[in-house]
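Trainee: Please take one part of this model and go through it closely for me, starting from a single side chain and working outward to what surrounds it. I would like the cut-offs spelled out as you use them.

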Amino acid sequence: MSTTTTIERSVYSSSSLSGSLVPTAPIGYPLDAAPQNPIIETKTSFYQVIRHCNKFQHNVPLYEFWVAGNNRPVGHMLPEFVESMAWSPTGFIVDKNRRTVFLKPNMRKNESLLEACQRELITLCRLNVATVDGVGAWVGAWDRNQDAEHHPVQDVTAHLSGLKVPSPLRGVLGIITTGAHMNVYTLERGAMRIWVAKRAQNITYAGKLDQLVAGGMDPQDDNDALETLRREAMEEAGLAIDTQTRQVMQRDTCQVLGTVHDGPDISFFDKKGEDAGSERGQLEPGIRYTFDLCVDADVVLRPYEPDCIAGFFLWSVDRVKASLKCGEWKPNCGLVMLDFLLRHNQIAPSEDDQFDQLTTGLHRQLPFDSSRQFAAGLPSRCAVSLL
């Protein structure tokens, strides 16, 4: 049993949803079981944490993914995906000389361009059930109730507004992902503690650490990061956010916990590793909108998505920093946490030889012409992170 953390009070796992709250593990211990050995901080620097979450280094020429009617590419693809996928019969045109994949759908009577593009994307999924991991399950869900998960495509012209791709294709097509993450923490007698979520074993990045509230932007969120946060907070933690006042309330107790505040936007460009499961090897240029919430030290929080969240637990800053260096975090969530620690002066310059590069490393230039092109498709605060 680890003895590195002082036990102050218990935290609660998703098993408590079925009845009264049941203590599952002391603060500082993983929720599924206590570690066999103490977690030992590695020699990995915080800058190496950033490099791990920004693994794509442009060492391979990418294909641009274009959609008819748009004046710039909406994604960037690795050559191996272009070469291995089935494209015919669809409206996708592959040009190996120009290194482009161009979606020019065959329009049907009374069909809009947007509707035609959506139809072609679904057809592309059907053609690649055996080629792309996760597509088969997606097609099955779509055929049952047409409610399979999609990801919004950003930076498109008005007549393509609302364009979305089936989620298993987003990393294959190299679509920019967007999401909202909320750091939840306490301050007591000058000491900070941070609420951390642990991901369940049946999802991507199984068992990795995450913000208490974190999720991708939904096509229905209308590119509004606060709306994404409001939806995810209720789904994952039973927290209601008033988007006008920014007050956060516990659903069960109606207790007001505090006010959510904007943080900066984090940009990154990852090539997913083995721990990404079915998404391994895919590209993810991404932007994460960050938010902070300070709650009282006696507040108890518990998860509301037992299929996705193994549990919530409260850690000291030192334990969080050690977990970052040990690679325990989902990559983009690790970037958000590192940014939080830097903004709150919880990492000293003496703790990293490349301290001066940490902040700039959290704002990766994405593979598009300039930050200005995001103005049409993303909230204006996003542009700051791409300068």
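Mentor: Arg-246 counts as partly exposed, at a relative accessibility of 23%, where buried means under 20% relative accessible area, exposed over 50%, and partly exposed anything in between (1.4 Å probe, protein chains only). The model is predicted, so local features need pLDDT of at least 70 and side-chain atom pairs count only at pLDDT 80 or more, whereas totals for chains, interfaces and linings use all residues. Residues are numbered from 1 along each chain as its sequence is written, and side-chain values use heavy atoms, with hydrogens and water left out.

The partner of Arg-246 is Asp-262, likewise partly exposed, with a relative accessible area of 42%. The two form a salt bridge in which the closest N and O atoms are 2.6 Å apart, the criterion being a side-chain nitrogen of Lys or Arg within 4 Å of a carboxyl oxygen of Asp or Glu. Because Arg-246 sits in the loop between E13 and E14 while Asp-262 belongs to strand E16 (residues 261-271), the pair ties together parts that are 16 residues apart in sequence. Strands (E, at least two residues) and helices (H or I, at least four) are DSSP runs numbered from the N terminus.

The backbone around Arg-246 is worth following next. E13 and E14 form a hairpin with five residues between them, and Arg-246, in the turn, has a positive phi of about 70°. Strand E13 (residues 239-241) runs antiparallel to E14 and is joined to E14 by three bridges; pairing requires that DSSP find at least two bridges between two strands. Within this pairing, Ile-241 has Val-248 of E14 as its bridge partner. On its other side in the description, E14 is joined by three bridges to strand E15 (residues 256-259), again antiparallel, and there Val-248 stands opposite Gly-258. E14 and E15 also make a hairpin with five residues between the strands, in which Cys-254 takes a positive phi near 60°. E14 itself (residues 247-250) has two faces: Val-248 and Gln-250 are covered, while Gln-247 and Met-249 are uncovered.

For comparison, consider other charged pairs. A search of the whole structure finds 23 salt bridges. In one of them, Glu-235 and Arg-231 have their closest N and O atoms 4.0 Å apart, and because these residues are four apart in helix H6 (residues 225-237), they are separated by about one helical turn. Glu-235 is partly exposed at 34% relative accessibility, whereas Arg-231 is buried, with a relative accessible area of 16%. In another, the side chains of Glu-284 and Arg-288 meet at 2.8 Å, N to O; Glu-284 counts as buried at 5% relative accessibility, and Arg-288 is buried too, at 6%. Salt bridges with shared partners join Arg-170, Lys-272, Glu-279, Glu-284 and Arg-288 into one network.

Turning to the nonpolar interior, in soluble globular proteins nonpolar side chains tend to be buried together. A nonpolar core is here a set of buried Ala, Val, Leu, Ile, Met, Phe, Trp, Tyr and Cys residues joined through side-chain atoms within 4.5 Å. The largest one has 69 residues, and the members that touch the most others are Phe-65, Met-77, Met-85, Met-182, Leu-229, Phe-291 and Leu-301. Helix H3 (residues 113-127) gives the most to this core, six residues. The core draws at least three residues from each of domain 1 (63-169) and domain 2 (179-362), bounds that come from an automatic or database domain assignment. Setting aside neighbours within four places in sequence, Met-182 is in contact (heavy atoms within 4.5 Å) with residues including Leu-229, Leu-239, Val-260 and Phe-291. A second, separate core of 28 residues includes Phe-268, Leu-335, Val-336 and Ile-347.

Leu-335 and Val-336 lead to helix H8, where both are among the buried residues. Twelve of the 13 residues of H8 are buried, which leaves the helix mostly covered. The expected span is 1.5 Å times one less than the number of residues, so H8 (residues 331-343) should span 18 Å, and its end C-alpha atoms, 19 Å apart, agree with that. After H8 comes Asn-345, with a positive phi near 55°.
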